[in-house]
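Got your viewer open? Let's take a short walk through this model, one selection at a time.

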Amino acid sequence: CELIRRLNSPCLIFSPTVTIREQWGDRFKSWFLNDEKQYEELVSYDLFDVKLINSLTYQALYSAMDNVKISDEEETLDYSLIDLFEVMKEKGIKTICLDEAHHLKNEWQKALEKFIKKLDKGIKIISLTATPPYDSTEAEWKRYIDVCGEIDEEIFVPELVKQNTLCPHQDFIYFSYPTEEETEKYKLHRQSAMIAINEISELE
C-alpha cells in the first residue's frame, strides 16, 4: 500500500481470491482514507467503474485479456468487451500490483504473461509474495522470474515480529526419558561397541 501511495498514480491491484481483493480495499480505507465517502470515491472492485485504487482478481484479468465470461465459486465476471489497455490509458493507470502471482492457475498465468508483455514501458509493476518458490523446479523458478522479476527486497521474519505484524514462532520441545530397560540396552550396546573398537585397534 505504501509503495502504491508513493508512486502516486492510479493503479490496478490483482489478487488470487475475492477475500484478498477485498482486504486491499479495507487496508487503504483504514490507513489512508478518512471516511466512507472517500472510500467510495477512490476505491473500486469493478473494471466497469475504474477509480484511483482498483482491486481486482486474476479472474477479472483473464476475462478481459481472453475476452471470455467466467464463473466460479467466488464470482461471475464478464469483461469480454473491455479493452483493458484503452481503459488504462484513459484513466492514467501507471501502477500495477501483483499479489502472489506465481501461484496462478495455468490459464490465469498465460493471461497475466500476455498482459505484462503488452504493457507500456512507463508502467511500474510491484510484485509481492510471502512464499518465493525457492524449492521449485527450474521451470517454475523461471516462470516466477518472468512474471515477478528478480527479488529486490526481502522482509525477514524478525523485522515483522518486531513491528507486531507477525506472531513470534516458538517450537515446543518435549523431553522423553528412557525407561530402565531401555537404559540397560543402551549400556550393553555401548559396551559392545567399545569391545569392537578395541578389537579393531589391536588388529592395526
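**Stop one: two helices that meet**

Select residues 58-66, helix H4, together with residues 106-118, helix H6: the two pack at an angle of about 65°, and their axes are 9 Å apart. Angles of 65 to 115 degrees count as roughly perpendicular, so that is the description H4 earns relative to H6. Keep in mind as you look that this is a predicted model. The crossing of H4 past H6 is left-handed.

Now show side chains. Which residues of H4 and H6 make the contact? From H4, pick Tyr58, Gln59, Leu61, Tyr62, Met65 and Asp66; from H6, pick Glu107, Trp108, Ala111, Leu112, Lys114 and Phe115. Colour the residues of this contact by character and you will get 8 nonpolar, 1 polar and 3 charged.

**Stop two: the sheet**

Keep H4 on screen and add the strands it lies across: S1, S3 (53-57) and S6. H4 runs at about 85° to S3.

Next, bring in the whole sheet. In what order do the strands come? Reading across, you find S2-S3-S1-S6-S7, an open sheet of 5 strands with parallel pairing. At the edges sit S2 (43-44) and S7 (124-128), each pairing on one side only. In general, strands of a sheet pair through backbone hydrogen bonds.

Zoom in on S1 (residues 11-15) and S6 (residues 95-99), a parallel pair with 4 bridges. Click Ile13 and look over to S6, where Cys97 is its bridge partner.

**Stop three: a pair of rings**

Finally, select helix H2, residues 18-32, and display Phe28 and Phe32, which are 4 residues apart, about one turn of the helix. Their ring centres are 5.8 Å apart and the planes meet at 40°, so this pair is tilted. Across the whole structure, a search finds 7 aromatic pairs.

Note on methods: Residues are numbered from 1 along each chain as its sequence is written. This is a predicted model: local features need pLDDT of at least 70, side-chain atom pairs count only at pLDDT 80 or more; totals for chains, interfaces and linings use all residues. Side-chain values use heavy atoms; hydrogens and water are left out. Axes are lines fitted to C-alpha atoms, for helices over the stretch in contact, and angles run from 0 to 180 degrees between N-to-C directions. Angles under 35 degrees count as roughly parallel, over 145 as roughly antiparallel, 65 to 115 as roughly perpendicular and the rest as oblique. A crossing is left-handed if the near helix is turned anticlockwise from the far one by less than a right angle, and right-handed if clockwise. Contact means heavy atoms within 4.5 Å. Ala, Val, Leu, Ile, Met, Phe, Trp, Tyr, Cys and Pro count as nonpolar, Asp, Glu, Lys and Arg as charged, and the others, Gly among them, as polar. Two strands pair if DSSP finds at least two bridges between them. Rings of Phe, Tyr and Trp (its six-membered ring) pair if their centres lie within 6.5 Å; planes under 30 degrees apart count as stacked, over 60 as edge-to-face and the rest as tilted.
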